[in-house]
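Got a model open and want to talk it through? Let's take it one question at a time.

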Amino acid sequence: MAKVGRNDPCPCGSGKKYKQCHEAADRAQEDQLRLLRRAQDRLFPKLIDATQSDELALSMPTLFEQYWGGRYTAADMSELDELEDRGSERFLTWLAFDAQSGDDGSTLVERIAANPPAELELDEHELNLLPTWAGIRLRPYLITEIIKGKGALIQEVLTKETFTLRDHAAAKRLEENELIFAHLVPVGEEYYIAGAAAQTTPDTVEKLSEFLAVSLEAWQLRNPEADLNQFVRENSYLFNHFISVLPREAKEPSRFDDLMLRGRTALLMTKQSLGIGNDDDDDDDEFDDQADDDQVDDDDDQADNDQPDDDQPETLTDSDQQPSK
């Protein structure tokens with residue numbers, strides 16, 4: 001949008017010059033937004049510092065293993081950035097925004113927003129941001145368009161809601177059709193990425209859809225009245241489980257396949273426990289067929305092991321040995 005000159009007609013259509021109409025209000029709004037942007041830069045590090053409090057010390061190991069799906073333990077924390085791209089920052093961001101670390105199931109950000117601790121020394125602009133950050137969770141976003149020099153248009157994968165990411169630094173690292181997993185925080189009417197986002201390739205979208213279909217169905221069977229936002233609130237760590245098994249430099253499809261197999265198995269067990277599944281015989285047969293195939297493979301492997309190896313010298317048993325003369 002072209003910049004409006006002070007002597008140009010005001011865009012509101014009043015017929016007045018811009019300087020005599022909306023200029024003062026627009027300037028005040030720009031100043032407020034500038035103050036909020038600076039407040040965002042100060043607030044996020046304070047929230048990360050708060051994750052190191054004694055309040056979270058006891059639950060930290062359990063939450064760490066929950067986020068990483070048991071792949072790492074708290075003992076790996078010091079080496080996490082070597083094991084995962086910006087792994088420490090990703091975990092601490094999730095710990096602040098998502099982890100239900102309070103006795104009442106609240107998150108750290110929710111508790112700080114409700115009762116800001118004096119030791120954080122939050123100013124009025126940081127306090128204004130906090131309530132709008134309390135409901136933020138880790139979510140998947142599709143990059144639909146890069147706005148050169150300004151940011152990007154992104155779409156939340158689950159809700160299909162679109163946002164304008166006013167984050168020039170972040171947008172420089174993004175490409176269209178990429179999938180990112182991030183905490184998108186509002187700053188006035190703009191949106192920024194808090195902490196580190198996990199970037200994945202465009203072909204990840206199909207895998208995520210498959211993963212979410214299984215995870216959502218299993219969860220909704222036990223929570224039929226809950227909506228998507230409730231699913232994300234209670235299960236956002238599953239997104240990191242998904243990210244962690246994606247191929248790195250070399251393709252590792254077996255890790256994703258293993259995750260999906262465990263998800264489908266959990267879904268089947270959930271259906272059985274709830275007495276559901278009479279109409280899903282085909283799905284059950286698929287699992288049975290897979291189990292039969294696995295058993296056949298195991299039997300074949302055992303048979304191969306029972307056969308003598310032509311490359312190895314044959315070993316005589318006691319009954320084969322001849323008595324010495």
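What follows is a short run of questions and answers on this predicted model.

Q: How many helices and strands does the chain have?
A: This is a predicted model, and its chain has 325 residues, of which 37% count as buried. As for secondary structure, the tally is 13 helices and 5 strands.

Q: What share of the accessible surface belongs to carbon and sulfur atoms?
A: The chain's accessible surface comes to about 19,600 Å². The part belonging to carbon and sulfur atoms is 47%.

Q: Among contacts between residues at least 6 apart in sequence, what percentage join residues at least 24 apart?
A: Start with the contacts in the chain whose partners are at least 6 apart in sequence. Then keep those whose partners are at least 24 apart, and the share is 57%.

Q: Is asparagine 240 buried or exposed?
A: Asparagine 240 sits in helix α11, which covers residues 237-244. Its relative accessibility is 1%, and the cut-off for buried is under 20%. So asparagine 240 counts as buried.

Q: Which side chain joins that of asparagine 240 in a polar contact of 2.7 Å?
A: Setting aside neighbours within four places in sequence, asparagine 240 is in contact with Tyr67, Trp68 and Arg90. The polar contact of 2.7 Å is between the side chains of asparagine 240 and arginine 90.

Q: The structure holds 14 aromatic pairs; is the one between tyrosine 67 and phenylalanine 91 stacked, edge-to-face or tilted?
A: The ring centres of tyrosine 67 and phenylalanine 91 are 5.7 Å apart, with the planes at 50°. Planes under 30 degrees apart would count as stacked and over 60 as edge-to-face. An angle of 50° fits neither, so the pair is tilted.

Q: How many residues apart in sequence are the parts that this pair ties together?
A: Tyrosine 67 belongs to helix α3 (residues 60-68), while phenylalanine 91 belongs to helix α5 (residues 87-97). Both residues are buried. Because the two rings come from different helices, the pair ties together parts whose sequence separation is 24 residues.

Q: What is the angle between the planes of tyrosine 67 and tryptophan 94?
A: Tyrosine 67 and tryptophan 94 also form an aromatic pair, with 5.0 Å from centre to centre. Tyrosine 67 is in helix α3 and tryptophan 94 in helix α5, so this pair ties together parts 27 residues apart in sequence. Tyrosine 67 is buried at 2% relative accessibility, and tryptophan 94 is buried at 2% as well. The pair is tilted, with its planes at 35°.

Q: Which residues form one aromatic cluster with Tyr67?
A: Phe91 and Trp94 belong to the cluster. With Tyr67 included, the full list is Phe64, Tyr67, Trp68, Tyr72, Phe91 and Trp94.

Q: Which helix gives the most to the largest nonpolar core?
A: The largest nonpolar core has 55 residues, and those with the most contacts inside it are Phe91, Phe97, Trp133 and Phe181. The top contributor, with 8 residues, spans residues 23-50: helix α1.

Q: Where is confidence lowest in the chain?
A: The mean pLDDT over the chain is 81, and 75% of the residues score at least 70. Helix α6 (residues 108-114) has the highest confidence, at 97. At the other end, with a mean of 48, is helix α13 (residues 281-306).

Q: How many contacts does the stretch of residues 294-298 have beyond near neighbours in sequence?
A: Over residues 279-292 the pLDDT is below 50, and that stretch has 8 contacts beyond near neighbours in sequence. Residues 294-298 are also below 50, and for them the count in the model is 0.

Notes. Residues numbered from 1 in each chain as written. Predicted model: local features only at pLDDT ≥ 70, side-chain atom pairs only at ≥ 80, totals over all residues. Heavy atoms only, no water. Helix = DSSP H or I, 4+ residues; strand = E, 2+ residues; numbered from the N terminus. Buried < 20%, exposed > 50% of the residue type's maximum accessible area, 1.4 Å probe, protein only. Contact = heavy atoms within 4.5 Å. Areas by Shrake-Rupley, 256 points an atom, 1.4 Å probe, with all protein chains shown as cover. Polar contact = N/O pair within 3.5 Å; in protein donor to acceptor, adjacent residues only side chain to side chain. Phe/Tyr/Trp six-rings, centres within 6.5 Å; stacked < 30°, edge-to-face > 60°. Core = buried A, V, L, I, M, F, W, Y, C linked by side-chain atoms within 4.5 Å. pLDDT = per-residue confidence, 0-100.
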